[in-house]
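Me: I would like to learn how to read a structure feature by feature. Could you take me through one?

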Amino acid sequence: MAENEALLTLEGWFSYHDFRKLNWEKWKAASPQDRQSAIDELLSLVASWEQSEGAETGSTALYAMLGHKADFGFMFLRPTMEELQDIKTAFNKTRFADFTVSDYSYISVVELSNYVNNPGEDPKANPHVRDRLYPILPKWQHFCFYPMNKKRSGEDNWYVMTMEQRKELMKAHGMTGRKYAGKVKQIIGGSVGYDDWEWGVTLFANDPLELKHIVYEMRFDEVSARYGEFGNFLVGNLLTKETIASLLQV
Ligand code: 76R
C-alpha cells in the first residue's frame, strides 16, 4: 500500500496558463489598420476557444492582469498536451502576438488528490468528480494564480508523513475551503514533473476580497502554515470580447 499512496491522484484536463505583456509602445506606434487586424485575429482566436468550450472539449479563461507582472492572463484547459501546444502556436502566428511577450507561463494538469476517494468506487464514473476534473471555468469577475509546494525541510517534510497524518491535515484544509462555497472556485493543477512548483492554484471570485480572505484564512491551517511554500501571486479582472476591444483601443 505504502508505495501506492502517492500514485492515487486523479487527473483531468491539462492546463496552460499564459501570462503576456503587451508592448504598449509598439502597439501605439502601429497603424490603426494594423491594430484593427491584430484585434480581429485575437477575437477570432477567442471565438475558436469559446467553440471548444461549447463542445466541452476544454475551457478557457481570459483576464486582464493588474500590476506590472502581466497585461493578459489566459488559462487553457484541454484534453491533451498537444492541444495546448497548438493553442500556443496558433496564438504566436497571429499579428497580435507580435505586440506581446509571454513573460510567465505555467503547465499543470487538473488534479484531485486521493484524500477524498471512496474506496471501491470508480471515481471517474462519478459525475461530481468528472465536473471537477473537466471543469468549465467560471466567468467570474476576478482570477488569481499562484504556484505552491509542500515543504521538504527538516522536521517539516510533508512527504515523509503517513497517509493518515496527511489526510487529517487535508480534512481541516477542505473544511476551510468549504466555507467559501459559491464565493471562491478553485482549480488545483498538479505540476510535479511539468513545472517549477508542485501545484498551480487558480482561484475565481466575483468579490476580490474573497480571494484575500481565503488565502489568509488558509495560512492558519496547519497544512499551509507549516508545509505551504508559495510563489508569486497574480491577480486580474475578467476580460470579455467587448472589454478586450476597449482595453486595446488607443
Ligand atoms: O476536494 C475536496 O473538496 C476535498 C478537500 C480538498 C483537497 C483534497 C480541497 C478543498 N483541496 C484539496 C487539495 Mn485545496 N486549495 C489549495 C489552495 O493558499 C493556500 O494556502 C493553499 C492554496 C486553496 C486556496 C485551496 C482551496 N488543495 C489541495 C491540494 C493538493 C494537496 C495534496 O495533494 O497534497 C493543494 C495544493 C490545495 C491548495 N481547497 C478545497 C480549496 C477550497 C476552496 C476547497 C473546498 C472545495 C469544495 O468543497 O468545493
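What follows is a conversation about the metal site, salt bridges, helix packing and one backbone angle.

Me: Before we start, what kind of model is this?

Reply: It is a predicted model, so please keep that in mind as we go.

Me: Let's begin with the metal. Which protein atom is the donor of the manganese atom of the ligand?

Reply: The general idea is to look for N, O and S atoms within 2.8 Å of the metal. Here the only protein donor to the ligand's manganese is NE2 of His-173, at 2.2 Å. If you want to find His-173 in the fold, go to helix α5, residues 163-178.

Me: On to charged pairs. How many salt bridges are there?

Reply: We look for a side-chain nitrogen of Lys or Arg within 4 Å of a carboxyl oxygen of Asp or Glu. By that rule the count is 10. A good one to start with is Arg-20 with Asp-18, whose closest N and O atoms are 2.7 Å apart.

Me: Is that pair buried or exposed?

Reply: The cut-off for buried is under 20% relative accessible area. Arg-20 has 3%, so Arg-20 is buried. Asp-18 is buried as well, because its relative accessibility is 2%.

Me: Which salt bridges link distant parts of the chain?

Reply: Let me show you two. In one, Asp-34 pairs with Arg-95, with 2.7 Å between the closest N and O atoms. Asp-34 sits in helix α2 (residues 32-54), while Arg-95 is in the loop between α3 (81-92) and β4 (100-112), and 61 residues separate them. Arg-95 is partly exposed, at 28% relative accessibility. This pair also belongs to a network of salt bridges that links Asp-34, Arg-95 and Asp-98.

In the other, Glu-53 pairs with Lys-139, and their closest N and O atoms are 2.8 Å apart. Here the partners are 86 residues apart: Glu-53 belongs to helix α2, and Lys-139 to the loop between α4 (127-133) and β5 (142-150). Glu-53 counts as buried because its relative accessible area is 16%, whereas Lys-139 is partly exposed at 45%.

Me: Helix α2 keeps coming up. How should I read its packing, and at what angle do α2 and α3 cross?

Reply: Start with the angle between the helix axes; over 145 degrees counts as roughly antiparallel. The axes of α2 and α3 come within 10 Å and cross at roughly 160 degrees, so α2 is roughly antiparallel to α3. Their crossing is right-handed. To see the contact, display Leu-42, Leu-45 and Trp-49 of α2 against Ile-87, Ala-90 and Phe-91 of α3.

Me: And how do α2 and α8 cross?

Reply: For α2 and α8 (residues 241-248), the axes come within 11 Å, with a crossing angle of roughly 160 degrees. These helices are therefore roughly antiparallel to each other, and α2 passes α8 in a right-handed crossing. On the α2 side the contact involves Ile-39, Leu-42, Leu-43, Val-46 and Glu-50, and on the α8 side Lys-241, Ile-244 and Leu-248.

Me: One last feature, the backbone. Which residue has a positive phi although it is not a glycine?

Reply: As background, most residues other than glycine have a negative phi. In this model Glu-56 has a positive phi of about 55 degrees. You will find Glu-56 in the loop between α2 and β2 (59-65). With a relative accessibility of 59%, Glu-56 counts as exposed.

Methods:
Residues numbered from 1 in each chain as written. Predicted model: local features only at pLDDT ≥ 70, side-chain atom pairs only at ≥ 80, totals over all residues. Heavy atoms only, no water. Donors = N, O, S within 2.8 Å, 3.2 Å for Na, K, Ca; no water. Helix = DSSP H or I, 4+ residues; strand = E, 2+ residues; numbered from the N terminus. Buried < 20%, exposed > 50% of the residue type's maximum accessible area, 1.4 Å probe, protein only. Axes fitted to C-alpha atoms, helices over the stretch in contact; angles between N-to-C directions. Parallel < 35°, antiparallel > 145°, perpendicular 65-115°, else oblique. Left-handed = near helix turned anticlockwise from the far one by under 90°. Contact = heavy atoms within 4.5 Å.
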